[in-house]
Amino acid sequence: MDFFNYKDGKLFCEDVDLSLISTKFDTPAYVYSKKTLERHIDAYVKSFSSNNNLVCFAVKSLSNISILKILKDKGCGFDIVSGGELHRVMLAGADPKKIIFSGVGKSKKEIALGIKNDVLSFNIESPSELYRIEEVAKDLGKIAPISIRFNPDVDSGGHDYITTGRKGDKFGISSIEDILNLSEHISNSDSLKIVGVACHIGSQILGLGSYKAAARKTIELADKLLDLGIELDFLDLGGGLGVPYNGETPPSPNELSLI
C-alpha cells in the first residue's frame, strides 16, 4: 500500500492518522498520498532511457485538480475525453502540447475548444469523426492535428469488459485500407495534419506479450504510411499495467519500456 501503513493499530497516510481525517471531515472521505503518487509517476517517467517520450495520464480515471497538478509538475501529459476534462487540466496548468484528446463522442464545441487550446492531437476512431473535426477546423481557419486510433486485433488477456484491442471490440479502426485512405485524406486536407497513430489494448494487463504484439503492429502501420510519403511525429501506445488485487505479479513500467 506504499505510504498507507498501520502504526499501533491505526491506519496512517504518510504521517497523518486517518482517524483524525474521519473525525474532522466525516466519512466517506477520499484521501490521496502525494508520496505514493510521485513514486508511481517516477516509475513510469524514469523508465525510459530517452527523453523523446511522453507519459500521459488518463484523466477519466481521476480528475481531481490537485492530483492533476502533481502529475503536471512531475512532467506528465494528459489523455482527455471531454471538454470538461480539457478545462480541468488547463486549470491544473497543463502544457497544451502534452494533451491528447481521445474519446468517440466529441461534440463540435469540444473539438473547437481543443483546436483553440492547441492540443497535441485528436485521436480519431471513425471517418465521420475525422470529417467533423475537419469541418470545425475549417470554420476556425485552423489546422487540427490528427492521430488515428487503429485496432491491432490483440487480446490483452484481461477481463472482457476492459479489453479494447481485439477485432470484435468497439474501439479503433480495424481496416488497414481504411486507415491508409483516411491518412491520405488528412495529408491532402488544408485543415488537417496527421501527427500519429494510436492503439489501446485494455487494462489490468499482467503480461507483456500483448504489448509486444501491439507495438509490432503499430510500427508496421507506421512503415506503411511512410511508404506513402506520410511521416508521423509519434506513436501512441496505450494499455494499463495490472495491479496486484489478489497476489498477481504484473510487469513493471521499466520492463514495459524495454519491449
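Guide: Two strands count as a pair if DSSP finds at least two bridges between them. The model above is predicted, and that rule is applied to its strands.

Visitor: What makes β2 and β3 a pair?

Guide: Strand β3 covers residues 16-17, and two bridges link β3 to β2 in the antiparallel sense. The rule asks for at least two bridges, so β2 and β3 qualify. Phe-12 stands opposite Asp-17 in β3, and Cys-13 stands opposite Val-16.

Visitor: How many bridges join β1 to β2?

Guide: Strand β1 (residues 4-7) and strand β2 (residues 10-13) are antiparallel and are joined by four bridges. The minimum is two, so β1 and β2 also count as a pair. Lys-7 faces Lys-10 in β2.

Visitor: Which strands are the edges of the sheet that has the order β1-β2-β3?

Guide: This is an open sheet of three strands with antiparallel pairing. Its edges are β1 and β3, each of which pairs on one side only.

Visitor: What is notable about the phi of Glu-14?

Guide: Most residues other than glycine have a negative phi. Glu-14 is not a glycine, yet its phi is positive, near 55°. Glu-14 sits in the loop between β2 and β3, a hairpin with two residues between the strands. In the hairpin of β1 and β2, also with two residues between the strands, Asp-8 has a positive phi near 55°.

Visitor: What makes the peptide bond between Thr-27 and Pro-28 a cis bond?

Guide: Omega is about 0° for the bond joining Thr-27 and Pro-28, and the bond is cis. Most peptide bonds are trans. Pro-28 is in the loop between α1 (18-25) and α2.

Visitor: Why are α2 and α3 called oblique?

Guide: Helix α2 (residues 34-45) packs against α3 at an angle of about 40°, and the axes are 10 Å apart. Angles under 35 degrees count as roughly parallel, and 65 to 115 as roughly perpendicular. The angle falls in neither range, and α2 and α3 are therefore oblique to each other. Their crossing is right-handed.

Visitor: Which residues make the contact between α2 and α3?

Guide: Lys-34, Leu-37, Glu-38 and Ile-41 of α2 meet Ile-67, Ile-70 and Leu-71 of α3. By class, five are nonpolar, none is polar and two are charged. Lysine and glutamate count as charged, so Lys-34 and Glu-38 are the two charged residues.

Visitor: What is the relation of α3 to α4, parallel or oblique?

Guide: The axes of helix α3 (residues 65-73) and helix α4 (residues 83-91) come within 8 Å and cross at roughly 60°. That value makes α3 oblique to α4. The crossing of α3 with α4 is right-handed. From α3, Ile-65, Leu-68 and Lys-69 meet Arg-88, Val-89 and Leu-91 of α4. These residues divide into four nonpolar, no polar and two charged.

Visitor: What is the strand order in the sheet of seven strands?

Guide: The order is β4-β5-β6-β7-β8-β9-β10, and this open sheet has parallel pairing. The edge strands are β4 (56-58) and β10 (234-238), each pairing on one side only. From one strand to the next, the twist averages 30°.

Visitor: What makes β8 and β9 a pair?

Guide: Strand β8 (residues 144-149) and strand β9 (residues 192-200) share six bridges in the parallel sense. At least two are needed, so the condition is met. Pro-145 stands opposite Lys-193 in β9. Helix α5 (residues 108-116) packs on the sheet and touches β6 (99-101), β7 (121-124) and β8; the directions of α5 and β7 make about 145°.

Visitor: How does the direction of α6 compare with that of β7?

Guide: Helix α6 (residues 127-140) lies across β7, β8 and β9, running at about 150° to β7. Angles over 145 degrees count as roughly antiparallel, so α6 is roughly antiparallel to β7.

Visitor: Why does the radius of gyration agree with a compact globule?

Guide: A compact globule of 259 residues would have a radius of gyration near 18 Å; the protein has 20 Å, which agrees. The C-alpha atoms fill a box of roughly 65 × 40 × 35 Å along the principal axes. The protein has nine helices and 10 strands.

Conventions. Residues are numbered from 1 along each chain as its sequence is written. This is a predicted model: local features need pLDDT of at least 70, side-chain atom pairs count only at pLDDT 80 or more; totals for chains, interfaces and linings use all residues. Side-chain values use heavy atoms; hydrogens and water are left out. Axes are lines fitted to C-alpha atoms, for helices over the stretch in contact, and angles run from 0 to 180 degrees between N-to-C directions. A crossing is left-handed if the near helix is turned anticlockwise from the far one by less than a right angle, and right-handed if clockwise. Contact means heavy atoms within 4.5 Å. The radius of gyration is taken over C-alpha atoms; the globule rule is 2.2 Å times the number of residues to the power 0.38.
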